[in-house]
Amino acid sequence: MTRRPAPPLPPPKARRHLRETAALTQTQLASRVGVTPGTVRAWESGRTTPRGRKREAYAKLLKTLADEETARRTTRPPHAHPESTPETEPAPAPETAPAPNSGSESDPVRKPLPPEPGPAPESGPESGPESGPESTLEPAPEPEPGPEPVPEARPAPVALTPAQAFDALYEFGAPALVRQTYLLTGRREQAREAVERAFQTAWEHWPEVARDRDPVGWVRATAYEYALSPWQRLRPRHRHPEPPPADPGDRTLLNTLLRLPPRHRRTLVLYDGVGLDLPETAAETEASTPTAANRLLRAREAVAGRLPALADPQVLHRRLAELASNERLGAARPHAVRGDGERRARFWTRAAIAFTAALIGTTALTVRTAPTHYEPPVSPGQAVRGVPPRVAQGSLSDEELELRHKLRDQLQHGPERLSPRLE
């Protein structure tokens, strides 16, 4: 049975551009595809990829939006000039209203023509014929493009190198992510390591992260996955507990969080700690919106059962922020994180190359030394047991002697025996 190839999809940024160009919201596009808005948000951010029939419907809808955008672009040039003329026609309007009270309102209209209004105020009120030549010059396209582009303002933002952009993202998001990850794990070193590993992964996939709508969210999801991985329990560091917080209230709240299931704990931290809305929380935890809401309610009930004072979501949000802020959680420098990530990438690359070379060498040696024909092995001799030993012939019994005499003396039925005779 052959499987049809999955229809291709544009990059996540292009998907969002097509939806915004068609003036569709995420809710409207989700209703047309048959999914939730959180799923569409996850598709456009690149965190998840549609599959099966949903992928076919989504790809077909995006292709339709792309065709519509292409059609609009092809029909736009003939109407480009009529659209630009109304922008230049309102220019003579300030001349018809030379009242002093409307000077401030007419400044934005005269702003594109700073050289010409200079002599106009002196002779405008006295002679009307001078306004005629000015009105013929105002619609001209030559003076208008000068002030509008403002070339001095565009070169202001300096293009950052990938390393500089990564350092800026790290300095902006790393401290907060370390505190949030501490609420998930209750371990300071594990929280720092999870965030550093997440940023190292982001540096390895920097072209993808740089184009993401929410780079901090991309790193946060990776850090949470690493911090909540069940393999962390097998590490020797996990066997030695870290000192708890000094404040008894913080210690009780942290123990309550650690008793929650990992998925409920992550949903609670994202919604009540980070401040994401329910669809974004569901998209980041890769769950549906009702499932995320159910996890959030159960987590709140568990926390309120042990700490009734935190039944109010606002109070819970404030206490989570205080718990994360009371701990002194620092992050390494961005260049150190980039260096560790690059060294780890080089190590694994070299290890993969060495393993591949060893595998190729072993295969070549096996092919070279393998026999070209099959020789069945000779089985070793074994002693046969259970067979009676061979016995020499002894004397005949009386019955055997009688039988022998009978055979010799009496003729038997059948052809006579031929005996040789001498002639």
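Before you click anything, one definition: a residue counts as buried when its relative accessible area is under 20%, as exposed when that figure is over 50%, and as partly exposed in between. Also keep in mind that what you have open is a predicted model.

**Stop 1: the whole thing**

Show the protein as a cartoon. You should find 20 helices and zero strands. Now colour by burial: of the 423 residues, 28% count as buried. The protein exposes about 29600 Å², and carbon and sulfur atoms supply 57% of that area. How do the contacts run along the chain? Taking contacts between residues at least 6 apart in sequence, 70% join residues at least 24 apart.

**Stop 2: Arg266 and its partner**

Select Arg266. Its relative accessible area is 7%, so Arg266 is buried. Now add Glu225, which forms a salt bridge with Arg266; the closest N and O atoms are 2.8 Å apart. Glu225 sits in helix α13 and Arg266 in helix α15, so this pair ties together parts of the chain that are 41 residues apart in sequence. Is Glu225 buried or partly exposed? With a relative accessible area of 46%, Glu225 is partly exposed.

**Stop 3: helix α13**

Stay with Glu225's helix and select all of α13, residues 215-227. Try a ruler check: at 1.5 Å a residue, the 13 residues of α13 should span 18 Å, and the C-alpha atoms at its ends are 18 Å apart, which agrees. Next, pick out the buried residues of α13, among them Trp218, Val219, Tyr224 and Ala227. Which helices do they pack against? The answer is α10, α11, α12, α15 and α16 (278-284). While you look down the helix, remember that an α-helix has 3.6 residues a turn, so residues three or four places apart point the same way.

**Stop 4: the largest nonpolar core**

Select Leu183, Val195, Phe199, Val219, Leu253, Leu257 and Leu268. In the largest nonpolar core, which has 41 residues, these touch the most other members. The helices that each supply at least two residues of this core include α11 (188-204), α14 (248-259) and α17 (289-306). The biggest giver is α10, with nine residues. Zoom in on Leu257: setting aside residues up to four places away in sequence, Leu257 touches Leu183, Arg265, Leu268, Leu320 and Leu323. Then hop to Leu9, Tyr58, Leu61 and Leu62, which are among the 14 residues of a second, separate core.

**Stop 5: Asp167 and Arg338**

Go back to α10 and select Asp167, which lies in that helix. Asp167 is at 18% relative accessibility, so this residue counts as buried. Add Arg338: the two side chains meet in a salt bridge, 3.0 Å from N to O. Arg338 belongs to helix α19 (residues 334-369), and the two partners are 171 residues apart, so look at how this bridge links distant parts of the chain. Arg338 is buried too, like Asp167. Leaving out residues up to four places away in sequence, Asp167 touches Pro334, His335 and Arg338.

**Stop 6: more salt bridges**

How many salt bridges are there to hunt for? The count comes to 19. For another one, select Arg188 and Glu242, whose closest N and O atoms are 3.4 Å apart. Arg188 is in helix α11, while Glu242 is in the loop between α13 and α14, so the pair ties together parts 54 residues apart in sequence. Compare their surroundings: Arg188 is buried, with a relative accessible area of 15%, whereas Glu242, at 22%, counts as partly exposed. Then select Asp250, Arg318, Arg319 and Glu322 together, and you will see a network of salt bridges linking them.

**Stop 7: Ser45**

Last stop: select Ser45, in helix α3 (residues 37-45). At 11% relative accessibility, Ser45 counts as buried. Its side chain reaches the backbone oxygen of Ala42 at 3.0 Å. Apart from neighbours within four places in sequence, Ser45 is in contact with Pro12 and Asp212. Finally, draw a distance from the C-alpha atom of Ser45 to that of Gly217: these atoms are separated by 9.6 Å, although the residues are 172 apart along the chain. Gly217 is one of the buried residues of α13, the helix from Stop 3.

Note on methods:
Residues are numbered from 1 along each chain as its sequence is written. This is a predicted model: local features need pLDDT of at least 70, side-chain atom pairs count only at pLDDT 80 or more; totals for chains, interfaces and linings use all residues. Side-chain values use heavy atoms; hydrogens and water are left out. A nonpolar core is a set of buried Ala, Val, Leu, Ile, Met, Phe, Trp, Tyr and Cys residues joined through side-chain atoms within 4.5 Å. Buried means under 20% relative accessible area, exposed over 50%, partly exposed in between (1.4 Å probe, protein chains only). Helices (H or I, at least four residues) and strands (E, at least two) are DSSP runs, numbered from the N terminus. Contact means heavy atoms within 4.5 Å. A salt bridge is a side-chain nitrogen of Lys or Arg within 4 Å of a carboxyl oxygen of Asp or Glu. A polar contact is a pair of N or O atoms within 3.5 Å; within protein, one must be able to donate a hydrogen and the other to accept it, and residues adjacent in sequence count only if both atoms are side-chain atoms. Accessible areas come from the Shrake-Rupley method with a 1.4 Å probe; for residues, only the protein chains shown count as cover. The expected span of a helix is 1.5 Å times one less than its number of residues.
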